[in-house]
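The following exercises are to be worked with the sequence and the coordinates at hand. Each task is followed by a solution in steps.

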Amino acid sequence: MNAYINSSELLCCAGDKDALMKAIYEKRTGVSIDTSYMSDTPVALGMMEYNDFYQLGIELVKKILDDSNLDDFHNTLLIVGSSVGGMRESEKSYFKKKNYKNIDPNKHAISVISDSLMEEFGFLDSRSISTACTSSANALLLAKRLINVEAYKNILVFGADALCYTTVCGFNALGVLSSKICRPFDKDRDGMNVAEAIAGVLVQNVKCKDSVELKGVGASSDAFHITNPDPEAKGAMKSMLDSMKDAGILAEQIDYINAHGTGTLANDNVESLAVQTLLPKTFISSTKAITGHTLGAAGALEAIISCEVIKRGLVPPQSSLQDAQNGEINLSKTSVKKDINYVISNSFAFGGNNTSLIFGVVK
Amino acid sequence: MKKIAVRIISSAKIYAPVKIDNLDEKRIVPKMMIRRRLTRNSKIMLYLADKCGFSGGKIVYASAFGELQATVSITDSIISDLPISPTSFQNSVYNSAPSYFSLLNGDKDEIITISSGRNSSRDALKTATLQALVSGERVLCVATECLDIDRINEVNSCTKYLESGVAIVLEIVQNSENSYELENLKDDGVIDSLQDLISVVNMCELGKNTILVEL
């Protein structure tokens, strides 16, 4: 069976799906400068406003259900992708009380997100993936395979990560945070913007009038370094090539690359090399200058962007770009109207964990 | 629900009340500089993979609580206004253990990390079965938990063993005759997130090596 994306919604620092797509095409960032996490070190972050992160997720999933062909989720598998789970709440308690007594281990774990959605919607079953910044991309990879082997008819993939001190201060310790809006692929880029988001994607074995097909998936490991990507880009190329093989298409058939494109020196160098080698003529941009890097939510969030790009037939511009470091890849500073049949979306993570997803028009 | 028959090629388990004594680290990871960076979950995973005779291929790893020691190191630095160790941060992600395995063994294949709370090893088994089904390859399915942090007693009411791990290598069998349904053969006191794989290992010890797994 083929896997179709039939309903989706998201929330990030640039707003919901429609607001985000408008922001992407208008090159209007949702990222802002913050000093609340590190008072003496301003950093640019993608922050959302909310009181209860889990309630936000429930409201988003309700919207997806309302927009779907389903009456409920009782025959739907839930797969959550998150890198930190309940860390934000654990931190609050620990920083206040300076002990662990008020921390509920079940609410610290990654599975706190699926637990709250299970309780509200009564999904058939659930599972949670945590492979850092590829978490929800890998959730989509598994969803496609489960549909392909006819194990499930409906799967809701939900990517979610809330900002917390551990991630903001941790990335700062690695020296990869920018104090400005990030500039993916620019020669003067100086780092990434950590961000938060929630994104839900309903994957089904039937198509509807607005479907986009999840056509191919590929994954690999660099086996190079625990945080730095392989400078020869072998891992990145392998995940991209595997996804093309799974989709049954050639590189030349891909019309747009939604890049991982964090704006760090290492990532963008390696991803550029992979793209220069495999897809030098294909339009490429990173939307992280608009959304920030939403970590475990990024795969699902950028899957939605990829589907919208196909539906709108409009290649997103590379925001924040002045001078590209690598002139051998096809970055465009303006939107490009064209028929878009296939989009590849890359997600790369700590541990050299690489995942590529290919979305295509339904034929 | 679709059930797939898998054969368990090899299996291993280990646990200790506080710290597992001998993980054969010097033989498995001869380079001291790398060995020093490994998390406890990584060391247990490497030990179990070695016991299972697995040196490369697809991995499905599971942990409900991930790298608690690295996480505690980060939050303690923040609360004390001290610099965060970059090594602690890079080690704090849930996929650290299989990533170190990949690094040390030159394994460039797919790694999926599951963290489904008490269902972590159940979901790892389902996912490993899916990975074996779509690839036709043998898959390492491994789950570990390391809760040996200062003041763990403030929150731990769920296990007698602060360090634990379990692993199997599985492959798909075409003929599901003579396959067994999963039995509840838990080891008393082991954390819930490992118990479903513990049951599989215990079934193997009883000679029940071919089991049915619901995807």
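Two strands are taken to pair if DSSP finds at least two bridges between them. The model treated here is a predicted one.

**Exercise 1. Strand β15 of chain A**

Task: Determine which strands pair with β15(A), and in which sense.

Solution.
Step 1. Begin with strand β16 of chain A, residues 353-361: β15(A) and β16(A) are joined by eight bridges in the antiparallel sense. Within this pairing, A:Val343 lies opposite A:Phe359 of β16(A).
Step 2. Examine the connection. β15(A) and β16(A) make a hairpin with three residues between them, and A:Gly351 in the turn has a positive phi of about 85°.
Step 3. Turn to strand β10 of chain A, residues 256-258, which pairs with β15(A) in the parallel sense over three bridges. Here A:Asn258 has A:Ser345 of β15(A) as its bridge partner.

Task: Establish which residues of β15(A) point one way and which the other way.

Solution.
Step 1. In a regular strand, side chains alternate between the two faces of the sheet.
Step 2. One way point A:Tyr342, A:Ile344, A:Asn346 and A:Phe348; the other way point A:Val343, A:Ser345, A:Ser347 and A:Ala349.
Step 3. A residue is buried if 20 or more other C-beta atoms lie within 10 Å of its own. For β15(A), residues 342-349, eight of its eight residues are buried.

**Exercise 2. Two helices of chain A**

Task: Compare the span of α11(A) with the span expected at 1.5 Å a residue.

Solution.
Step 1. The expected span is 1.5 Å times one less than the number of residues.
Step 2. For α11(A), residues 298-312, the 15 residues should span 21 Å, and the end C-alpha atoms are 21 Å apart, which agrees.
Step 3. As 13 of its 15 residues are buried, α11(A) is largely enclosed by the rest of the structure. A:Gly313, with a positive phi near 60°, follows α11(A).

Task: Repeat the analysis for α6(A), residues 135-148.

Solution.
Step 1. The 14 residues of α6(A) reach 20 Å from first C-alpha to last, close to the 20 Å expected.
Step 2. α6(A) is mostly covered, with 13 of its 14 residues buried.
Step 3. Just after α6(A), A:Glu150 takes a positive phi of about 65°.

**Exercise 3. Helix packing in chain B**

Task: Describe how α7(B) and α8(B) pack.

Solution.
Step 1. The axes of α7(B) and α8(B), the latter residues 192-205, are 5 Å apart and form an angle of about 55°. α7(B) is therefore oblique to α8(B).
Step 2. The contact includes B:Ser120, B:Arg122 and B:Leu125 of α7(B), and B:Leu194, B:Asp196 and B:Val200 of α8(B).
Step 3. By class, this contact comprises five nonpolar, four polar and two charged residues.

**Exercise 4. The side of chain B that touches chain A**

Task: State how many residues of each chain are in contact, and which elements of chain B supply them.

Solution.
Step 1. The contact involves 44 residues of chain B and 46 residues of chain A.
Step 2. On chain B, at least two residues each come from α4 (68-79), α5 (86-91), α6 (96-105), β3 (111-114) and α7 (120-135).
Step 3. This side of chain B has 21 nonpolar, 15 polar and eight charged residues.

**Exercise 5. B:Ile149**

Task: Decide whether B:Ile149 is buried, exposed or partly exposed.

Solution.
Step 1. B:Ile149 is located in the loop between β4 (139-146) and β5 (163-172) of chain B.
Step 2. B:Ile149 has 19 C-beta neighbours inside 10 Å and therefore counts as partly exposed.
Step 3. Leaving aside residues up to four places away in sequence, B:Ile149 touches B:Leu68, B:Gln69 and B:Val72.

Terms used. Residues numbered from 1 in each chain as written. Chains lettered and ligands numbered in written order. Predicted model: local features only at pLDDT ≥ 70, side-chain atom pairs only at ≥ 80, totals over all residues. Contact = placed C-beta atoms within 7 Å. Helix = DSSP H or I, 4+ residues; strand = E, 2+ residues; numbered from the N terminus. Nonpolar A, V, L, I, M, F, W, Y, C, P; charged D, E, K, R; others polar. Buried ≥ 20, exposed ≤ 12 C-beta atoms within 10 Å, placed from the backbone. Axes fitted to C-alpha atoms, helices over the stretch in contact; angles between N-to-C directions. Parallel < 35°, antiparallel > 145°, perpendicular 65-115°, else oblique.
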